[in-house]
Amino acid sequence: MPGATMPGVTMRGATAKEPSRSVLAPVRAVFRAVVVTVVPEAKQLDEPGWLALEELLEDAIEIRSPALRRQLQLFLRAIQWLPVVRYGRTFTALGDEQRSRVLRHLQNHPVERIRCGFWGLRTLAFLGYYGRPEGAHAIGYRPDPRGWEAVQ
C-alpha cells in the first residue's frame with residue numbers, strides 16, 4: 001500500500017533496520033573494521049554515512065536465504081576471533097597493517113569457501129561505500145539515462 005509503513009522496512013534517509021531484523025547489527029563493529037580496511041576512505045564516514053552504507057547492505061542481503069545471512073554473520077565472527085591465534089587480539093583491536101594481513105590471508109586462503117567468503121564480503125564493502133550517492137560522486141560515477149551518449 002502506498003504510504004504504509006512496515007516494521008523493519010526503511011526508506012532512503014531513514015534509520016537502519018530494527019536490530020532484531022538486522023543481519024549486521026550483531027557484528028557491526030567487526031563489519032565496520034573490515035570496511036575501513038578494504039576501503040580506507042570509509043574512516044571518514046560519520047554515523048549517518050555508516051547507517052546509509054549499512055542500509056544498502058541490509059537491502060542487498062535481505063533477499064538472500066536465511067542460511068546465507070547466517071553464514072555472513074558467522075564469517076564476520078570468525079574474522080573477529082581468528083587474529084587472536086596470531087596476534088593475541090581480536091580483529092577490531094588490531095592496527096591497520098595487521099588487519100590488512102588478516103584479510104590478505106583470507107583472500108588467498110587455500111580453502112575455496114573461505115576465499116569466496118572474503119571476496120563476497122569485499123564486494124559488499126564496495127557496494128555499501130560506493131553505492132551511496134556520496135561514494136559514487138567521489139569516484140566520478142554519474143549515471144545518465146542516455147548511457148554513453150552522455151559522455152560524447
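Reader: Is Glu47 buried, partly exposed or exposed?

Author: This is a predicted model, and the answer is computed from it. Glu47 has a relative accessibility of 41%. Buried means under 20% and exposed means over 50%. Because 41% falls in between, Glu47 counts as partly exposed.

Reader: Which residue forms a salt bridge with Glu47?

Author: The closest N and O atoms of this pair are 3.0 Å apart. Glu47 lies in helix 2 and its partner in helix 1, so the pair ties together parts that are 15 residues apart in sequence. The partner is buried, at 16% relative accessibility. It is Arg32.

Reader: Which residue forms a salt bridge with Arg28?

Author: Arg28 sits in helix 1, and its partner sits in helix 2, 26 residues apart. Arg28 counts as partly exposed, at 27% relative accessibility. The partner is buried, with a relative accessible area of 1%. The closest N and O atoms are 2.9 Å apart, and the partner is Glu54.

Reader: Which residues are joined into one network by salt bridges that share partners?

Author: Arg28 bridges to Glu54. Glu47 bridges to Arg32. Salt bridges that share partners join these residues into one network: Arg28, Arg32, Glu47 and Glu54.

Reader: How many salt bridges does a search of the whole structure find?

Author: One of them pairs Arg104 with Glu97, with the closest N and O atoms 3.2 Å apart. Arg104 is partly exposed, at 39% relative accessible area. Glu97 is partly exposed too, at 43%. The search of the whole structure finds six.

Reader: What are the elements of the protein, from the N terminus on?

Author: The secondary structure comes to seven helices and zero strands. From the N terminus on, the elements run α-α-α-α-α-α-α.

Reader: What span should helix 5 have, and how far apart are its end C-alpha atoms?

Author: Helix 5 covers residues 96-107, which makes twelve residues. The expected span is 1.5 Å times one less than the number of residues. That gives 16 Å, and the end C-alpha atoms agree, at 16 Å apart.

Reader: Why do the buried residues of helix 5 lie on the same side?

Author: The buried residues of helix 5 are Gln98, Arg99, Val102, Leu103 and Leu106. An α-helix has 3.6 residues a turn, so residues three or four places apart point the same way. The buried residues of helix 5 are on the same side because they cover an arc of only 135 degrees.

Reader: Which helices are included in what covers the buried residues of helix 5?

Author: Arg99 and Leu103 are among these buried residues. Both are in contact with Thr37, which is in helix 1. The cover includes helix 1, helix 3, helix 4 and helix 6.

Reader: Is Thr37 buried or exposed?

Author: Thr37 touches Phe91, Arg99, Ser100 and Leu103, leaving aside neighbours within four places in sequence. Its relative accessible area is 15%. Because the cut-off for buried is under 20%, Thr37 is buried.

Reader: Which helix gives the most to the largest nonpolar core?

Author: In soluble globular proteins, nonpolar side chains tend to be buried together. Here the largest nonpolar core has 32 residues, and those with the most contacts inside it include Phe31, Val34 and Leu76. Helix 1, helix 2, helix 3, helix 5 and helix 6 each supply at least two residues. With seven residues, the one that gives the most is helix 1.

Reader: Which residues is Leu76 in contact with, leaving aside its neighbours within four places in sequence?

Author: Leu76 is among the core residues with the most contacts inside the core. Its contacts are Leu24, Val27, Val30, Phe31, Val34 and Leu121.

Reader: How far apart in space are Glu41 and Gly135?

Author: Glu41 is in the loop between helix 1 and helix 2. It is partly exposed, at 41% relative accessible area. Glu41 touches Tyr129 and Tyr130, not counting residues up to four places away in sequence. Glu41 and Gly135 are 94 residues apart in sequence, but C-alpha to C-alpha the distance is 9.3 Å.

Reader: What percentage of the residues in the protein is buried?

Author: The protein exposes about 9800 Å², and carbon and sulfur atoms supply 58% of it. The protein has 152 residues, and the buried ones make up 36%.

Methods. Residues numbered from 1 in each chain as written. Predicted model: local features only at pLDDT ≥ 70, side-chain atom pairs only at ≥ 80, totals over all residues. Heavy atoms only, no water. Helix = DSSP H or I, 4+ residues; strand = E, 2+ residues; numbered from the N terminus. Buried < 20%, exposed > 50% of the residue type's maximum accessible area, 1.4 Å probe, protein only. Arc of directions from axis to C-beta. Contact = heavy atoms within 4.5 Å. Salt bridge = Lys/Arg side-chain N within 4 Å of Asp/Glu carboxyl O. Core = buried A, V, L, I, M, F, W, Y, C linked by side-chain atoms within 4.5 Å. Areas by Shrake-Rupley, 256 points an atom, 1.4 Å probe, with all protein chains shown as cover.
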